[in-house]
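Please open the model in your viewer and keep the sequence panel visible. The tour below proceeds by selections, each followed by a description of what is found there.

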Amino acid sequence: MEKLLRNEDRDKKKYENSKVKDLAVHAEKFLYYEEVILGKSYNTVRSYRRDIYQFIDYLNEYEEITKFDEVETITVRSFIAYLNSGDKSRQSSTESDEEKKEKPLSPVSKRSINRKISALRTFFKYLQEKQIVKINKISYIAMPKFEKELPNILNKEDLNKLRG
């Protein structure tokens, strides 16, 4: 819990005088709502925080978007492409400088991208309920599919070895 509070303080200070301050304010209200009102777990809120602030950082740096109602479906698709790149700046603002230096960068896995899309869908659903955005454009984004692995089966010879 202590680490979450430190991340909250760091996020608030980072965005205090930023042009994306309004985005951060909405994010903090959402995180409070999820944790206190809905009672979501610490790990869920921590993941939401990391994913949402990573998206806000992307909007600030690459899209120059300062309001969530300016986010289009193409913006989210560009964010997903960005996650698939090896861009060093894509690490979230909630990570310390030491954590950023230690982590090698590689494209984000499909599971992580799905989690980020899911977090953003939940966040934008909240923004729509609070009438910050009119349309939840993230709901139109398809989740990356996983290749289904076929199960390994034993042949008769291996089965007989196990039996006997």
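Of the 164 residues in the chain, 37% are buried. The model is a predicted one. Display the whole chain as a cartoon: it contains seven helices and zero strands, so that the pattern along the sequence reads α-α-α-α-α-α-α. The chain exposes about 10,800 Å², and carbon and sulfur atoms supply 49% of that area. Among contacts with a separation of 6 or more, 65% are between residues 24 or more positions apart.

**Helix H3**

Select residues 42–63, which form helix H3. At 1.5 Å a residue, its 22 residues should span 32 Å, and the 30 Å between its end C-alpha atoms agrees with this.

**Where H3 meets H4**

Add residues 73–83, helix H4, to the selection. Two packed helices are described by the angle between their axes and the distance between the axes. How do H3 and H4 cross? Their axes come within 11 Å and cross at roughly 100 degrees. Angles of 65 to 115 degrees count as roughly perpendicular, and H3 and H4 are therefore roughly perpendicular to each other.

Now show the side chains at this contact. On the H3 side, they belong to Gln54, Phe55, Tyr58, Leu59, Tyr62 and Glu63; on the H4 side, to Thr75, Val76, Ser78, Phe79, Tyr82 and Leu83. The residues of this contact comprise eight nonpolar, three polar and one charged.

Keep H4 selected and colour its buried residues, which are Thr73, Thr75, Val76, Phe79, Ile80, Tyr82 and Leu83. Against which helices do the buried residues of H4 pack? They pack against H3 and H6.

**Where H3 meets H6**

Select residues 110–129, helix H6, together with H3. The axes of H3 and H6 are 9 Å apart, at an angle of about 85 degrees. These two helices are therefore also roughly perpendicular to each other. H3 contributes Ser47, Tyr48, Arg50, Asp51, Ile52, Gln54 and Phe55 to the contact, while H6 contributes Arg115, Lys116, Ala119, Leu120, Thr122, Phe123 and Phe124. Here the division is seven nonpolar, three polar and four charged. Gln54 and Phe55 of H3 take part in the contact with H4 and in the contact with H6.

**Glutamine 128**

Remain in helix H6 and select glutamine 128. Is this residue buried or exposed? Glutamine 128 is partly exposed, with a relative accessible area of 33%. Leaving aside residues up to four places away in sequence, glutamine 128 touches Val133, Lys134, Ile135 and Asn136. Next, draw a distance from its C-alpha to that of aspartate 69: the two are 9.5 Å apart in space, yet 59 residues apart in sequence.

**Two loop residues with positive phi**

Select glutamate 64, which follows H3 and lies in the loop between H3 and H4. Its phi is near 55 degrees, a positive value in a residue other than glycine. At 59% relative accessibility, glutamate 64 counts as exposed.

Finally, select glutamine 131, in the loop between H6 and helix H7 (156–163). Although glutamine 131 is not a glycine, its phi is positive, about 60 degrees. Glutamine 131 is exposed, with a relative accessible area of 71%.

Definitions and conventions: Residues numbered from 1 in each chain as written. Predicted model: local features only at pLDDT ≥ 70, side-chain atom pairs only at ≥ 80, totals over all residues. Heavy atoms only, no water. Axes fitted to C-alpha atoms, helices over the stretch in contact; angles between N-to-C directions. Helix = DSSP H or I, 4+ residues; strand = E, 2+ residues; numbered from the N terminus. Parallel < 35°, antiparallel > 145°, perpendicular 65-115°, else oblique. Contact = heavy atoms within 4.5 Å. Nonpolar A, V, L, I, M, F, W, Y, C, P; charged D, E, K, R; others polar. Buried < 20%, exposed > 50% of the residue type's maximum accessible area, 1.4 Å probe, protein only. Expected span 1.5 Å × (residues − 1). Areas by Shrake-Rupley, 256 points an atom, 1.4 Å probe, with all protein chains shown as cover.
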